[in-house]
Amino acid sequence: LAVATARTSGRARATVWTPALGQAGIRRERLRQDVAGAAARGELWLAFQPIVSMEEQRITGVEALLRWRHPELGEVPPREFVPIAERAGAIAELQRWALHEATAAVAGLPAPTGVPLRLGVNISAAHIAARTLVDDVVTALSASGLTPERLVLEITEAAVPSDGDPATGGVAAGDMAALRLMGVHVALDDFGTGSSSLADLTRLPIDVLKLDHAFVSRVDRDRHSRALCESVVTIGRALGVDVVAEGVETPAQLGVLRGMGMGFAQGFLLSRPLPLAELVQVLEDDAGTLWPGLVGRSVAP
Ligand code: C2E
Ligand code: MG
Ligand code: MG
Ligand code: MG
């Protein structure tokens, strides 16, 4: 009975589970208090993970991944602080910083295939709803000189605004449409884990599909995952959108994905997310070749 009470009542829970939950609660509260000023205090940094073209076996893009080095708590992962920032109303501020820094960093990078690198930036639903996204993107593009076509806004299925949403959907969908009219690309991130139906896909305003790690991780061992990946490749081709396999970790996965005609791959096998200086080195040293077996050098830790 004590346990049942603890699970349903916040107050009872605090008395029963004090040690563990207390620690987590204190940490969460601390992060909540500190997250708003993190950009201004210089605690944020970006890691860049290469995205490789299967056909060219070279880097054709990078994804910017936000990092927060808290002065006392150390590195805090985005899966922990992004939801906290969303609830604290600070996500647009963090995102503005990320857009500004990422576009400035990538604008002048070497282009291994001759085509300028694309830059993926993750955008949360809360930022789209806050209605500053168009301004924030325009500001970052004009400050950096990055052309709109090189920017890919990565949003998850849950964050795709639909015209049907009576609250903010129509307006937010208008913002996304305005960005696409400017030439900015939109990627559907973590595809396959959300709630969109396949029919929705034909109506969504997207240019890139990022197939979730969950399917990629089993593609060489499980025929259901394999069938799913294959059908996403087919859908991508039919809709004229690029498909990126996320979380490629083994040569076997890469081989199977390449065999089925997957367009692009991203994952620890090819490269971990890198600090900018290391990314620049990879682009210069190997002319952007990141392909196991083709390059002698080991992939960054
Ligand atoms: P995501 O957008 O799906 O980013 C890919 C995540 O997968 C990254 O985690 C990356 O480090 C990780 N990853 C890449 N390759 C592999 C692999 O081979 N195996 C495994 N197990 N993982 C791999 P990270 O950097 O911790 O980011 C987690 C999530 O946090 C991101 O997922 C994204 O949803 C969110 N996030 C990151 N940066 C931002 C940002 O600037 N704004 C917002 N709103 N969200 C962000
Ligand atoms: Mg992403
Ligand atoms: Mg993803
Ligand atoms: Mg994912």
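This report describes the surroundings of ligand 1 and the magnesium site in a predicted model.

Ligand 1 occupies the space of the largest pocket. Its shell counts 21 residues, and the closest are Arg-67, Asn-122, Asp-189, Glu-249 and Phe-268. By class, this shell holds 7 nonpolar, 7 polar and 7 charged residues. Two or more shell residues come from each of β2 (58-70), α4 (78-87) and β6 (185-191). Strand β2 gives the largest share, 4 residues.

Polar contacts between side chains and ligand 1 include the following.

| Residue | Ligand 1 atom | Distance |
|---|---|---|
| Arg-67 | oxygen | 2.8 Å |
| Gln-95 | nitrogen | 3.1 Å |
| Glu-246 | oxygen | 3.2 Å |

On its own, ligand 1 has 800 Å² of accessible area, of which the protein covers 84%.

The magnesium ion (ligand 2) is coordinated at 2.0 to 2.2 Å by Glu-63 (OE), Asn-122 (OD1), Glu-154 (OE) and Asp-189 (OD). Along the sequence, these donor residues follow the spacing E-x58-N-x31-E-x34-D. Glu-154 lies in strand β5 (residues 151-156) and Asp-189 in strand β6; the two are 35 residues apart, and the pair links distant parts of the chain.

Asp-189 also bridges the magnesium ion (ligand 2) and a further magnesium ion (ligand 3), with 3.9 Å between the ions. Two of the donors to the magnesium ion (ligand 2), Asn-122 and Asp-189, are also among the closest residues to ligand 1.

Key:
Residues numbered from 1 in each chain as written. Chains lettered and ligands numbered in written order. Predicted model: local features only at pLDDT ≥ 70, side-chain atom pairs only at ≥ 80, totals over all residues. Heavy atoms only, no water. Near = heavy atom within 4 Å. Polar contact = N/O pair within 3.5 Å; in protein donor to acceptor, adjacent residues only side chain to side chain. Areas by Shrake-Rupley, 256 points an atom, 1.4 Å probe, with all protein chains shown as cover. 1 Å grid on protein atoms, 1.4 Å probe; cavity = no way out; pocket = protein on both sides within 12 Å on 5 of 7 lines; lining within 4 Å. Sits in = over half its atoms within 2 Å of the grid points. Nonpolar A, V, L, I, M, F, W, Y, C, P; charged D, E, K, R; others polar. Donors = N, O, S within 2.8 Å, 3.2 Å for Na, K, Ca; no water.
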